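Biologist: Can you walk me through this one? Start with the core, then we'll jump around.

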Amino acid sequence: MAIKRVNWPQGRIVFLEHTSNVLKGNALGDPHVRKLAVWLPPQYDEASSAKQGRRFPVLFDLVGFTGSGLAHLNWKPFDENIPERIARITYEGRMGPTIVVFPDCFTALGGNQYINSSAIGDYADYLTQELIPFVDREFRTLASREHRGCFGKSSGGYGAIIHGMQYAKHWGAVASHSGDAYFDFVCMNDWPRTLTELTKHRTKRRVNGAYDVLKEERKATLGKDDGRVKNFLEHMWNKEKPSDDEGHALMIIAMAASYDADPKAPLGFRLPFNLETGELIKERWNAWLKHDPIHLVTKYRDNLKSLKAVYVDCGWRDQYGIHFGSRILSKRMKEAGIKHVYEEFDDTHSGIDYRIETSLPILYKALKP
């Protein structure tokens with residue numbers, strides 16, 4: 001929906017530089033000095049608030065794959081960026097004043113899943129052990145988990161629900177928009193075209209003619225890169241405009257590096273499929289399933305129950321089929337007695353930033369003083 005811009009208090013954005021010890025020396029060689037953007041509501045700078053030392057709840061925005069928190073600050077034609085949208089619903093009284101943090105968790109693999117991985121970096125620790133205390137020191141926050149939440153979409157939505165499960169001592173409420181779930185259904189479907197894309201980067205290129213499957217698959221050591229993933233990544237890092245298939249292959253590789261890191265393997269992670277035949281390597285796939293939210297509800301039931309609000313939604317036309325995983329996640333939480341809000345809406349996976357107008361007021365109500 002096109003938004004007609006009107007004048008209401010916009011708050012302000014502060015840019016900080018944070019030097020991370022957690023990300024220093026990460027396997028990808030990504031920067032450990034990162035910019036951090038923080039949106040302060042208009043009430044933060046009101047004379048009475050500043051004089052009284054008024055403190056505010058905090059929300060962390062976890063962006064999806066290929067994104068960075070800074071991207072959510074970009075100007076948008078006929079629409080609002082995230083801070084503008086939050087400023088408007090705050091002005092309309094749909095939620096109260098809240099500090100919103102926009103971390104930069106981008107990596108050379110296009111992003112991460114906000115978990116710790118020796119192949120990518122310890123981004124869960126980066127958020128919980130470094131950025132949370134850093135923000136609490138720099139701003140007038142209500143510095144406790146009862147007044148702190150996180151939200152995100154896609155990989156960011158996955159990160160939000162996983163943090164609610166595994167890091168509940170840091171978060172009081174979470175919201176997952178179209179977050180990855182039900183890997184058997186959602187992620188497995190992307191592997192055939194990923195394997196086809198990787199074939200283009202075999203060390204020995206394919207030629208027409210006879211093909212000895214047994215001989216060729218011996219070269220593609222089960223679960224380990226035989227050189228094609230390395231070649232693909234170097235190709236991507238030197239390409240100006242990746243194709244859609246290349247972008248999806250990069251996403252699947254980033255997930256492999258997140259879910260099945262192995263410092264002893266080439267590139268530091270394992271792959272769940274035979275590179276030549278496409279056969280599933282069950283042991284490796286099981287490593288993925290250990291990170292699937294639908295399998296973690298029972299294990300982290302007490303943590304989820306301790307949250308003051310859990311919000312999940314998904315479009316019922318999501319092109320990745322994530323609505324099926326979202327339904328199972330909601331079903332499992334309901335069976336476990338975990339209070340939550342689950343909603344669906346008539347849209348796809350794309351262009352759904354407007355859904356925060358539903359989730360953030362719920363989080364604010366749970367986190368407000």
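**Core, helix and cysteines**

Modeller: This is a predicted model. Its largest nonpolar core has 81 residues, and Phe60, Phe139, Met165 and Trp288 touch the most other members.

Biologist: Which helix gives the most to this core?

Modeller: Helix α9, residues 244-259, with ten residues.

Biologist: What does Trp288 touch, leaving out residues up to four places away in sequence?

Modeller: Phe183, Cys187, Trp191, Ile252, Met255, Ala256, Tyr259, Asp260 and Pro272.

Biologist: And what does the second core include?

Modeller: That one is separate and has 23 residues. Among them are Ile82, Ala175, Tyr311 and Ile356.

Biologist: New topic. Where is the kink in α3?

Modeller: At Leu131, shortly before Pro133. The kink is about 35 degrees, and the helix covers residues 123-138.

Biologist: How many of the 16 residues in α3 are buried?

Modeller: Twelve, so the helix is mostly covered. Leu131, at the kink, is one of the buried residues. Others include Tyr123, Asp125, Glu130 and Asp136.

Biologist: Now cysteines. How many disulfides does the structure hold?

Modeller: Zero.

Biologist: Why is there no bond for Cys105?

Modeller: Because the closest cysteine sulfur, in Cys150, is 11 Å from the sulfur of Cys105. That is too far, as a disulfide needs the sulfurs within 2.5 Å.

Biologist: Is Cys105 buried or exposed?

Modeller: Buried, at 4% relative accessibility.

Biologist: What about Cys187, the one Trp288 touches?

Modeller: Cys187 is buried too, with a relative accessible area of 3%. The closest cysteine sulfur is in Cys314, 13 Å from the sulfur of Cys187, so a bond is ruled out by distance.

Key. Residues numbered from 1 in each chain as written. Predicted model: local features only at pLDDT ≥ 70, side-chain atom pairs only at ≥ 80, totals over all residues. Heavy atoms only, no water. Bend = angle between axes of the 7 residues up to and from the residue. Helix = DSSP H or I, 4+ residues; strand = E, 2+ residues; numbered from the N terminus. Buried < 20%, exposed > 50% of the residue type's maximum accessible area, 1.4 Å probe, protein only. Core = buried A, V, L, I, M, F, W, Y, C linked by side-chain atoms within 4.5 Å. Contact = heavy atoms within 4.5 Å.
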